[in-house]
Amino acid sequence: MLIAALVSMTGAAAADERVLISYEATPSVGFNLPKLKTAGYAERAAFSKEVLEKIVPKIAASISVDPVVLETEVTPGGYLLKTNASLQTEATLDDVTADRLAAAFGYIFHQHSVLVSRLDDSSGSTGFVTVRFPEDTLDATVAQRFFEKADAVEKGLGGGYTAFGDEQIFLNVVDGNGKPYSGLDNARFLDGLKRTAASFGPPAPQVSDSGTATARFIGNDWDKAPKGEEYAARLGGAGSPTVTGLDVVATEYAVLVSASASRFGWN
């Protein structure tokens, strides 16, 4: 996962507001892939692109979301000082539909959690900071170096990030009581990233934006719910038409996982 904790929730967003759903295509649990943990970014990105083309549209259709309305990219994403290929899906969806889509992604891809956020919602309490790099200089390697540098400058900044184009976005996620998991208030979170940007390079980035957002994680405890029951419950429960349709997609996904495991030596 990109960032590791439940963040604050506000009232339901209007259907015309953009939402971002962040997740990984490589499974976190449920497959015997002992060498996946050491797989490089290029391998994970190649797999993610195939999943984006062949599986993501079918997941959307399974919950009655037109795949055409989704804009999805394969980008670097960071979690606990490790950068992996992630999928970032943006669309104009209401909260209920966004959460259902997130649950469907988590169910198929065996993710511990999927992040749903609205970065343009200033009513939220989750701090965000955008670090902009010179054009065409931010790749997975640079993003990882900045990630590590940030954590060295201020402990707590190594939780997670999302990258888009030349921007690296950090969220100061909070728990159910509104306490940041980073241990930093929003002002200190911002200050640490400003200091990191000032001392980093080449390439030389700068903090280009900051503020507050709304975000939440849709998740499943695979130890307690090994069949993804928490995700399934959001989609009508096991045996429902939606989950039954997703189970067909899950079989196709498993075939892709098996093929990539053989190709890249993840077994």
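**Exercise 1. Classify Arg-188 and find its salt-bridge partner.**

Arg-188 has 43% relative accessibility, so it counts as partly exposed (buried means under 20% relative accessible area, exposed over 50%, partly exposed in between; 1.4 Å probe, protein chains only). A quick note before going on: this is a predicted model, where local features need pLDDT of at least 70 and side-chain atom pairs count only at pLDDT 80 or more, while totals for chains, interfaces and linings use all residues. Residues are numbered from 1 along each chain as its sequence is written, and side-chain values use heavy atoms, with hydrogens and water left out.

Now the partner: the side chain of Arg-188 meets that of Glu-154 in a salt bridge, 2.9 Å from N to O (a side-chain nitrogen of Lys or Arg within 4 Å of a carboxyl oxygen of Asp or Glu). Glu-154 sits in the loop between helix 4 (140–153) and strand 6 (160–164) and Arg-188 in helix 5 (residues 186–199), so the pair ties together parts 34 residues apart in sequence (helices are DSSP runs of H or I, at least four residues, and strands runs of E, at least two, numbered from the N terminus). Glu-154 is buried, at 11%.

**Exercise 2. Work out which side chain pairs with Glu-252, and where the two sit.**

Glu-252 meets Lys-58 in a salt bridge at 2.5 Å, N to O. Glu-252 is in helix 7 (residues 241–264) and Lys-58 in helix 2 (residues 56–62), 194 residues apart. Glu-252 is partly exposed at 29%, and Lys-58 is partly exposed at 36%.
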